[in-house]
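Please open the structure in a viewer and keep the selection tool at hand. The tour begins with the whole chain and then proceeds from one selection to the next.

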Amino acid sequence: YLNALTGKGVHIVTVNDYLAKRDSEWMGQIHRFLGLSVGCIDNSASQADKKQAYLCDITYGTNNEYGFDYLRDNLAIRTEDLAQRQPHYAIIDEVDSILIDEARTPLIISGPTDDKSDLYHAANNIVLHFKEEHYELDEESKSVTLNDDGYDLAENLLQEKGIMTSGHLYDNENLEVIHHVTQALKAHILFQKDRDYIVKNKKVILIDEFTGRMMDGRRFSDGLHQALEAKENVDIQPENQTLSSVTFQNYFRLYDKLSGMTGTAETEASEFKESFGLKVVQIPTNLPVQRHDENDALYMTREEKVRAIIEDIVAAREAGRPVLVGTTSIERSEELSKSLKKEKIKHQVLNARYHEQEAQIIAQAGRLGAVTISTNMAGRGTDIQLGGSLEMRIATEIDPSLSDAKKQEKIKALEKEVEAEKQKVIAAGGLYVIGTERHESRRIDNQLRGRSGRQGDKGRSRFFLSLEDDLLRIFGGDKLKNLLSRVGMEKGDALEDRMLSKAIIRAQKKIEQKNYEARRQLMKYDDIINEQRSIIFARRRKLVEGDDFTPIVHELIKKYVADIVPDFCDQKSVPEDWDIQGLKSALKEGLGEHDYQIDAYLKGDGLNRDHFMTYLTEKLQDIHLNHISSWDESILQGIQRECVLRPLDFHWRHHLAFLDRLGKMIGFRGYGQKDPLIEYKKEAFESFGNFLRSWRFEALGRLLKLRIEYEAEPTISAPTPPPVIDIEDYPRNAECPCGSGKKIKHCHGALLKKPEKNVAV
């Protein structure tokens, strides 16, 4: 409220449309009572509605929508297409999820490129021939590369199928082919169906690893998504070219003031401080926490672990205790669901396949003896209430057609039922949270645990692990296996020890540190792009909002002359040695046929290059003013804006594509004892200069070559009067000369009885 009083706007950022709409309605009542306007944006809102929402004092929306609207604004041509104001103040809900977990994935607005579906299918078929001995898999860093045997096999298969007709696999002409083979290999080895993505309505839809939700509309870039589509044999969508992109880190750093909330930020306090200058303050719980967090139980195999989980669920259910089981993927949640069905245990499943029923499933997960299996619990936005949700039961169990008196009677009965059930659940020990394996991030584990024991309720949590879990298998599985064998652990036994939990936390800290380093490194590279992005977006905004383009075009001309003249006129040489013919040809080719009067100017005395550049600048500015003088005032600014903005967007896209390719290859400079970051900065700066030069050349070329012709108003001549004939010259039964095809007596016979006997034909 206080920050909204400035009139610059406050953005409340949540993780999904449901929460944004709900919070704007709940809290909007207070803000409106206090005299402020409240708006809400979602992906279905029209441009006019979004613009109105952003003009409100307080605006609710999702992180994705704010980011994409920012990018769309920086692709707009007209001021009426702009939605956002200058970012001022933001409060981010689930701030760790948005600024840290999603920091590595940029938001991208893209456009389609050429269809290469045959190449994706061919690469997919080749990868099907690969075995483990053909590639090197590093699960810790999540990378897969061909080894020498794989290289030879790929080359032979590509030649055999006629895809590669000449040279070796890594020759320049075959780089695109090997790139698609590598992406197909990643799709098969690193990405699992129902863990990383699902196939729905013949589309490959990504799953957010942190929230377990579908990310409809989000696609991998660089041909990886097409490789997944080829793998799953669904329609391949054209690969996209990046039009504009930004990371959440750099988008939210645009705000003058930034803050956020989450229940699990303490573990990332140092990153918040270093990357965003945000201090983490831990607020004490409203009521003392009564949840009992038990030590982890470690089993030798996954099968033993699942068996133990089912036995624990049965015991808790018999005691009347509600159970929430957290899994790390859709695949694991459905495997556990099948096991529970075999035991005839009634349960609900909440994952990306059933997200439509999310609110209802979560609302009733605290009922007596309820069993709920769920993927990651970040950002669900609905509390699990012990005894169930009264509001949900009222909405689903009471017939709206009943009279008010009957409704009130039913509501009171439900209130008693829910309260009685709540007391039974509390007596049974509250909600029991079971984790089926540890996540790489401690925060995700804490989010799951935190669903139990809220607002002083009783609760219990426990994680079941096995040596076959990804975390333990990749980080120290063999050592643990040897240790368990030495202590004489047998099949079905579980190791429960505080030392084990501490060892797992150490492994998680190690992974978190590694991920933090990766994010920090990525941020250093993205900061270079962000600096350039800020310059271009600020300039672009000025162009979109500008009314008078003459000063802008004249500045472009000044820079154009500074770019082109040194190519033909050496500073140290005399005018007689300059390549004037080359300069005139370049001007003619670039800017069109104009009278530049260069020869006349060069006949003067005491000339040098600086004087000549000043002359040419002023001459081109005069040519521009003369060129547009005949243009209609109503279209002048619009045409100039188009001529300047279209080339800017085109060359910016190509610059981004170059930086993307450069970022993937620059790491190899390290082998030559060069710092990749410094090399990247140097080449990015050089490319940025080339981009600006190309933009200026094309923009001025479009503007000065453009010819506008106005069509003359069509002249309307007076109609030629039809000839006049005397119908008495024709027999009455003859065809009428007017051309109707009728006989005279039927067509113009009446004229015969009148004095006027002539008819116009």
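Accessible areas are obtained by the Shrake-Rupley method with a 1.4 Å probe, and for residues only the protein chains shown count as cover. On this basis, the chain exposes about 40,200 Å², of which carbon and sulfur atoms supply 50%.

The model is a predicted one, in which local features need pLDDT of at least 70 and side-chain atom pairs count only at pLDDT 80 or more, while totals for chains, interfaces and linings use all residues. Residues are numbered from 1 along each chain as its sequence is written, and side-chain values use heavy atoms, with hydrogens and water left out.

**The whole chain**

Select the chain and colour it by secondary structure: there are 26 helices and 21 strands. These elements are DSSP runs numbered from the N terminus, with helices (H or I) of at least four residues and strands (E) of at least two. Of the 761 residues, 46% count as buried; buried means under 20% relative accessible area, exposed means over 50%, and partly exposed lies in between (1.4 Å probe, protein chains only). A contact means heavy atoms within 4.5 Å. Among contacts between residues at least 6 apart in sequence, 73% join residues at least 24 apart.

**A nonpolar surface patch**

Next, select Tyr1, Leu2, Leu5, Trp26, Met27, Ile30, Phe33 and Leu34, which form a nonpolar patch on the surface with about 920 Å² of accessible area together. Patches consist of residues with over 30% relative accessible area and no salt bridge, where like charges are joined within 9 Å and nonpolar side chains (Val, Leu, Ile, Met, Phe, Trp, Tyr) within 5 Å. A salt bridge, in turn, is a side-chain nitrogen of Lys or Arg within 4 Å of a carboxyl oxygen of Asp or Glu. Within the patch, leucine 34 is in the loop between α1 (17-33) and β2 (38-40), and leucine 34 is partly exposed at 40% relative accessible area.

**Histidine 347**

Move to histidine 347, in the loop between α12 (330-342) and β15 (348-350). Is histidine 347 buried or exposed? Histidine 347 counts as buried, since its relative accessibility is 17%. Leaving aside residues up to four places away in sequence, histidine 347 touches Ser337, Leu340, Lys341, Val371 and Ile373. A polar contact is a pair of N or O atoms within 3.5 Å; within protein, one must be able to donate a hydrogen and the other to accept it, and residues adjacent in sequence count only if both atoms are side-chain atoms. One such contact, of 2.7 Å, joins the side chains of histidine 347 and serine 337. The side chain of histidine 347 also reaches the backbone oxygen of isoleucine 345 at 2.8 Å.

**Two glutamines with positive phi**

Select glutamine 455 in the loop between α16 (442-449) and β18 (458-466). Glutamine 455 has a positive phi of about 50° although it is not a glycine, and glutamine 455 is exposed at 54% relative accessible area.

Then select glutamine 597, in the loop between α21 (580-591) and α22 (598-602). Its phi is also positive, about 55°, although glutamine 597 is not a glycine. Glutamine 597 is partly exposed, with a relative accessible area of 38%.

**Cysteines**

How many disulfides does the structure hold? The structure holds 0 disulfides, a disulfide being a pair of cysteine sulfur atoms within 2.5 Å. For the last selections, cysteine 40 counts as partly exposed at 29% relative accessibility, whereas cysteine 643 is buried at 7% relative accessible area.
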